[in-house]
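Student: I'd like a close look at one part of this model. Could you take me through the place where the two domains of one chain meet, and then on to the neighbouring chain?

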Protein chains: 2
Amino acid sequence: MQALVYENGELEYRSNHNAPALGSDEALIRPTRMGICSTDLEICKGYMGFSGVIGHEFVGVVERSGKKVKNDLTGKRVVGSINCVCGKCDMCRGGLAEHCRDRTVLGISKRDGCFADSFTLPSRNLFEVPDGVDDDHAVFTEPLAAACQILRQLTIEGRPYITVLGDGRLGLLCAQVMSQLNATVRCIGKHPEKLALCEKWGVKHRPLADVGLRGDQDIVVDCTGSADGLTTAMGMVRPRGKILMKTTVAVHQDSKPIDLSPLVINEIEVIGSRCGPFAEALDRMATGKVDVVSLISRRMKLADGVEAMRLAAGPDSVKVLLEP
Amino acid sequence: MQALVYENGELEYRSNHNAPALGSDEALIRPTRMGICSTDLEICKGYMGFSGVIGHEFVGVVERSGKKVKNDLTGKRVVGSINCVCGKCDMCRGGLAEHCRDRTVLGISKRDGCFADSFTLPSRNLFEVPDGVDDDHAVFTEPLAAACQILRQLTIEGRPYITVLGDGRLGLLCAQVMSQLNATVRCIGKHPEKLALCEKWGVKHRPLADVGLRGDQDIVVDCTGSADGLTTAMGMVRPRGKILMKTTVAVHQDSKPIDLSPLVINEIEVIGSRCGPFAEALDRMATGKVDVVSLISRRMKLADGVEAMRLAAGPDSVKVLLEP
């Protein structure tokens, strides 16, 4: 089958990659749309030490189910949670299964990803996509869920000032989600054409170069995908404010040290934020509360995946979608 | 007067330093004991870009009060909050005066410190020391308050596992304070003679080398005073756990970058923690709830302050006190 594989420091398109074996509790899925995320780009810089088929954002159709699958979704359109968990460890038993000690993560850790003709996930990870949500929307379920996760980690009191830092893929989703809160929300970025989307949605926006680090924001969401993001966020947030941290970056020899003393001096809270609720994300799209389609910059074939990854890393792209 | 001055990258004892001018709302204080803190050591490595008389831990006697002082404490034994605030900015008006935008901080930022024959503080910063708290105790009010601050920033649910990381000055205070919670507390350090104090207090303790990074602690308090502390803390805390960050370190050219991705992946919360409640600290000492005197490693004269700072930086010292 076709697959986009990262191995020995190289990203490569393969037309004759081995098809995956189907586990007894798993579903075999044929993706119809796949989305390229900043994490995929970081993985190709060495993040997570991953090796194998990359990719974790998809919508697809279940082709076959393993023998022990209870919720057989064969023939259905699905999206799926990327964390494959053991169900036995302290985290799973304690209600924090997405932090399973023995988990594999689709295209990120110890499990081949979805940038291929087919791939597998445990069937219990899947969510059937409602008819009202087409493929162009459904492929955004995973990143939109990650944006929604912020709402579970914050208590909104009064009418806080919130800055979403970064106008990329995740930043534009977070900006939309946050702007539905009782809050004054602005999105700060570097790309006029991306910030123009905020204008369309009625979300306040400013270029980073025009914004001072005035320590006056109650909450800053770091979606920069850049190692500098935290430093900028620390400069923008008020004392005792909160920074939601969405950015993960591979650390290299030439990475710069960050001065973290503002966290202590200003008693800032930094809250790491990862995966979120799929059902809520699907619901937001079904009810038209979020515009994701405007984020699609390009559609490319899986066979052109290496080039698609290169374009996704460029300043002009928001979401690059892959199709089989 | 005598003073310990950090200027142009050099720490120096001066016998003929200018005495401070007394502001109309200030008290002139003659310190009777002064404590050397890790922040003093960091300042002498360039932290905060400070220049002037160093020192911020003291107990002393008010010698004189300015004309407009309302609570005249002349002749009384006092300790004092180190943050000198404007009373007018958004932080002061919002109940977060210790984060005043225009503050000066005793011996740390834009205000001469207490390692001198005399120094000044706004009179409203002072707390009279109760008779039951002698000078050897009272000089620990500021760092003990900083340890107590953690209790204001945490909600303790169930019976959490808490690790205090670091067996230095602040770590040993935090370990004592935390062990009075309904929690399983351990102190992790590198120095057998310091961990022996934990044994004396009935606080669990282990050498760092014997402890795995198992991601199983609900709360980790970083009191290492070292740039590596956060990395160790991230390895010890469980997913969705909390790290209380007490460590501030000067960042240099040769500082190493820290991989912060575990914060995001494990959705860890990092809470910066600085100054704390003086009244609570005095009360804990008055009621004998904390043993601070065992922390005193040495007593030296202010005239030997440069040597005292050198010794305080060594592995064998806990608290080095200065006397006039």
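Student: How many residue pairs in polar contact, both at pLDDT 80 or more, are there between domain 1 of chain A and domain 2 of chain A?

Tutor: There are 6 such pairs between domain 1 and domain 2 of chain A, a polar contact being two N or O atoms within 3.5 Å, where within protein one must be able to donate a hydrogen and the other to accept it, and sequence neighbours count only if both atoms are side-chain atoms. Helix 1 (residues 38–43) of chain A gives the most to the domain 1 side, with 4 residues; helices here are DSSP runs (H or I) of at least four residues, and strands are runs (E) of at least two, numbered from the N terminus. By class, that side has 9 nonpolar, 4 polar and 4 charged residues, with Asp, Glu, Lys and Arg as charged, Ala, Val, Leu, Ile, Met, Phe, Trp, Tyr, Cys and Pro as nonpolar, and the others, Gly among them, as polar.

A word on ground rules: this is a predicted model, so local features need pLDDT of at least 70 and side-chain atom pairs 80 or more, while totals for chains, interfaces and linings use all residues. Residues are numbered from 1 along each chain as its sequence is written, chains are lettered from A and ligands numbered from 1 in written order, and side-chain values use heavy atoms, without hydrogens or water.

Back to chain A: an automatic or database assignment gives domain 1 (3–140 + 292–323) and domain 2 (146–272). Their contact (heavy atoms within 4.5 Å) takes 17 residues from domain 1 and 14 from domain 2. The two bury about 1300 Å², 54% of it on carbon and sulfur atoms; buried area is the accessible area (1.4 Å probe) lost on putting two parts together, summed over both. The count of salt bridges between the domains is 0, with a side-chain nitrogen of Lys or Arg needed within 4 Å of a carboxyl oxygen of Asp or Glu.

Now for the neighbour. Chain A and chain B bury about 3300 Å², with 62% from carbon and sulfur atoms. Val264(A), Ile265(A) and Glu267(A) supply 18% of what chain A buries there, more than any other three residues. The rule finds 2 salt bridges across this interface; in one of them, Arg240(B) meets Glu98(A) at 3.2 Å, N to O. Strand 16 of chain A also runs antiparallel to strand 16 (residues 269–272) of chain B, joined by 3 bridges, where DSSP needs at least two for a pairing. There, Ile271(A) stands opposite Glu269(B).
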